[in-house]
Every structure is written in structure tokens, then in C-alpha cells.
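Colleague: Please take a close look at one part of this model, namely its contacts with DNA. I should also be glad of an account of the parts around them.

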Number of protein chains: 2
Amino acid sequence: MAAESLPALPCACANLRRAARAVTRGYEAALKGTGLTPTQHTLLQALDLLGLSPQGALGELLAIDSTTLTRTLRPLERAGWVRAVSGADRREVRWALTLRGRRRLERARPAWERAQARLRTRLGADVWARLAADLAAVAGAA
Amino acid sequence: MAAESLPALPCACANLRRAARAVTRGYEAALKGTGLTPTQHTLLQALDLLGLSPQGALGELLAIDSTTLTRTLRPLERAGWVRAVSGADRREVRWALTLRGRRRLERARPAWERAQARLRTRLGADVWARLAADLAAVAGAA
DNA sequence: CGCCAATAGTTGTATATACAACCATATCTC
DNA sequence: GAGATATGGTTGTATATACAACTATTGGCG
């Protein structure tokens with residue numbers, strides 16, 4: 001199982017999406033036992049980071065369309081990992097991680113860290129670090 | 001519309017997916033008039049690059065599951081942009097870009113190049129170049 | 001106040017994505 | 001050459017994703 005390097009594609013978008021697909025599969029496999037998909041894990045982690053947060057702000061941080069969040073958050077709410085909190089502006093839906101949600105995230109942590117470590121090892125620390133910064137720039141630039 | 005830089009996320013997978021979503025939206029908008037989605041454009045471009053190619057090989061190049069290809073290629077076939085060619089091994093489906101497909105790809109080229117140029121300008125040439133290599137490594141490593 | 005524009009989310013619809021299970025064909029082994 | 005195994009794709013099902021159109025609320029502005 002040598003890491004057969006794929007050729008770079010001419011299209012930056014294609015390159016990004018290909019890498020995202022490949023990595024997602026790895027994280028998905030790693031998170032298998034935790035009952036969380038990569039997307040769900042990311043949502044919980046982001047909410048943990050942000051604290052109580054309007055849906056729009058969550059979407060901005062993750063570059064996820066608000067209409068997508070409506071649907072991806074629904075199962076998390078049903079599972080009791082997040083809850084909607086009403087505030088002054090009644091159009092807004094603000095989301096909070098529940099205690100159950102935090103526990104679930106904590107429970108998934110070892111698996112997530114294994115996935116991170118595995119990729120980091122395969123890439124090398126320099127590429128790994130560079131990539132985090134470059135990808136943040138890309139998300140901001142697009 | 002300043003390029004408000006988003007903070008890097010703790011999760012490499014989340015970082016990648018966020019960037020992919022953001023960039024995909026840009027390319028999708030740019031390709032709007034061409035009748036091609038980013039995915040479709042990538043498929044045609046890859047097939048142009050590879051020439052006559054078994055479905056599995058195409059999937060490997062793009063890190064797309066073969067079951068996904070079955071479905072994403074179908075509309076391209078119906079549109080007459082690609083066609084299935086039978087070979088010696090009758091399990092295999094080999095795909096070829098048709099003339100119409102090549103023309104469509106060519107027609108989309110200016111729009112695609114605008115999207116590329118736009119992102120490249122916003123990122124700077126150094127990040128752009130580095131990213132292509134790093135992302136290819138990621139796709140191979142995952 | 002009372003209309004009008006802007007903003008926050010939801011619903012309808014369509015594409016992209018992949019895993020598990022499956023079918024068909026090829027290859028291997030005796 | 002026949003049965004076992006491996007390989008290449010398809011179907012069933014589920015999640016992720018977003019655009020267009022819509023609803024509800026808010027914030028001007030006269």
C-alpha cells in the first residue's frame with residue numbers, strides 16, 4: 001500500500017475536490033465507531049468553538065450555505081446534540097451544543113485525533129502546517 | 001467585498017472540505033453559461049487528458065468511487081459528450097470523449113480559465129503553485 | 001403609524017457522493 | 001475444464017450540498 005502519488009490536475013477546483021473526497025473517506029472510516037459522520041463532527045466541533053451562534057454565523061465559518069445547514073443540523077437536533085435557542089431577533093435561529101453533544105464530541109476525540117495523526121504523518125509536518133494556512137486563505141479568497 | 005480570511009479550523013478534513021465548497025461555488029458560477037457543472041467539467045477534462053479509459057482508472061485519477069461515476073457519467077453520455085466503448089474484458093466499461101464532448105469542453109474553456117485566473121490572482125502565484133502540489137500529495141496520501 | 005427594503009431561515013428540487021449488497025465476467029488452481 | 005476466487009460495474013439507500021423561490025421578521029423613512 002504505497003502512497004501512490006496522483007498527478008496534479010490542471011484545475012484547482014478539481015484538485016481541491018479530489019483531495020477533499022480522498023481525505024473525507026479516511027476520516028469517515030476513522031469516525032465509523034463514533035456514530036458521527038465527518039460533517040456532523042465538524043458541526044459539533046465548530047459549535048463547540050463558537051459557542052451559542054446564529055445559523056448564519058456558523059455557515060460563514062464553515063462556508064456552508066444556510067439552506068444546507070437547515071438540513072444537516074436537523075438530525076443533530078433530533079439526536080439531542082445541539083439545540084435551537086431563541087433570542088431577540090425572532091428570524092434568527094441560534095444554535096448551542098448541548099451537554100450530550102459535548103460528550104459525544106469528546107467521545108469521538110480519540111478517533112478524530114488518530115485520523116489527524118495518520119494524515120499528518122503521511123504528509124509530513126511541514127506540508128501539514130502549510131496546508132492549514134493555505135486552505136484557510138483559499139476559503140477566504142473564493 | 002474584502003477577502004475576509006476565515007480562521008483555520010482544527011480539523012484538516014474540515015479545512016479541506018470548506019475550501020472545496022467555497023471554490024466550487026466560484027467555479028460553478030463561472031461555468032454557469034457553459035451548461036457544465038464543475039463535476040462535469042472535471043470529468044470531460046480528465047477524459048480528454050486520459051484518452052480512452054476504463055471507468056476504474058478514471059475513478060482512480062479523480063479519487064471518485066466507481067459507483068459515483070456510474071451516475072455522474074450517465075447524463076454526460078445522454079448529452080453525447082462521452083461514449084462507452086467495449087473492449088476485450090467484458091466487465092470493463094471504457095469511456096471516450098466524443099467530438100461533441102471535446103467541443104463542449106473547448107467552449108467552456110474561457111469561462112474555466114477566468115475562474116482559474118481569478119482564484120490565482122486572489123491567492124498569489126506562490127500559494128497557487130504550492131497548493132497544486134500539496135493537494136496532489138494529499139489525494140495520494142489519504 | 002405604515003409601507004418598503006433588507007435580512008434570516010425553510011422548502012422544492014437537483015446534483016454529487018459513497019457504502020453495502022449484488023451480478024457478471026474473468027482468472028486461477030487443481 | 002470445473003469450482004473457487006478476484007475484479008469491474010450497477011442498484012439500493014442515505015447523506016451532503018446548493019440554487020431559486022418563498023415566508024417571516026426586522027429596520028428604515030416618510
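Modeller: A polar contact is a pair of N or O atoms within 3.5 Å; within protein, one atom must be able to donate a hydrogen and the other to accept it, and residues adjacent in sequence count only if both atoms are side-chain atoms. The model is predicted, so local features need pLDDT of at least 70 and side-chain atom pairs count only at pLDDT 80 or more, whereas totals for chains, interfaces and linings use all residues. Residues are numbered from 1 along each chain as its sequence is written, chains are lettered from A and ligands numbered from 1 in the order in which they are written, and side-chain values use heavy atoms, with hydrogens and water left out.

I begin with DNA strand C. It is surrounded by 27 residues, the closest being A:Arg25, A:Thr70, A:Arg71, A:Arg91 and B:Thr37; a residue is near a strand if one of its heavy atoms lies within 4 Å of it. Of the atoms of DNA strand C that come within 4 Å of the protein, 63% belong to sugar and phosphate. One contact with a base involves A:Arg91, which has a polar side-chain atom 2.8 Å from a base oxygen of this strand. The phosphates are reached as well: an N or O atom in the side chain of A:Arg21 is 2.9 Å from a phosphate oxygen of DNA strand C, and a polar backbone atom of B:Arg90 is 2.8 Å from a phosphate oxygen of that strand.

Two or more residues of the surface near DNA strand C come from each of α1 (12-31), α3 (55-62) and α4 (66-78) of chain A, and from each of α2 (38-50) and α4 (66-78) of chain B. Helices (H or I, at least four residues) and strands (E, at least two) are DSSP runs, numbered from the N terminus. With four residues, α4(A) provides the largest share of this surface. By class there are five nonpolar, nine polar and 13 charged residues near DNA strand C; Ala, Val, Leu, Ile, Met, Phe, Trp, Tyr, Cys and Pro count as nonpolar, Asp, Glu, Lys and Arg as charged, and the others, Gly among them, as polar.

DNA strand D comes next. Around it are 27 residues, of which A:Thr37, B:Arg25, B:Thr70, B:Arg71 and B:Arg91 come nearest. Sugar and phosphate make up 62% of the atoms of DNA strand D that come within 4 Å of the protein. A:Arg91 appears here too, with a polar side-chain atom 3.2 Å from a base oxygen of DNA strand D. Chain B contacts the phosphates of this strand through B:Arg17, which has a polar side-chain atom 3.1 Å from a phosphate oxygen, and through B:Lys32, which has a side-chain N or O atom 3.2 Å from a phosphate oxygen. At least two residues of the surface near DNA strand D are supplied by each of α2 and α4 of chain A and α1, α3 and α4 of chain B. The most, four residues, comes from α4(B). This surface consists of five nonpolar, nine polar and 13 charged residues.

Both protein chains take part in these surfaces, and their own contact forms the setting. Chain A and chain B each bring 53 residues to it, contact meaning heavy atoms within 4.5 Å. About 5,000 Å² is buried between the chains, and carbon and sulfur atoms give 69% of this area; buried area is the accessible area (1.4 Å probe) that two parts lose on being put together, summed over both. Two salt bridges are counted between chain B and chain A, each being a side-chain nitrogen of Lys or Arg within 4 Å of a carboxyl oxygen of Asp or Glu. One of them joins B:Asp134 to A:Arg130, with the closest N and O atoms 2.8 Å apart. In addition, 20 residue pairs are in polar contact across this interface, with both residues at pLDDT 80 or more. On the side of chain B that touches chain A, α1(B) gives the most, with 15 residues. That side comprises 35 nonpolar, eight polar and ten charged residues.

Within chain A, the salt bridge of A:Asp48 with A:Arg102 has its closest N and O atoms 2.5 Å apart. A:Asp48 lies in α2 (residues 38-50) and A:Arg102 in α5 (residues 99-123) of chain A, so the pair ties together parts that are 54 residues apart in sequence.
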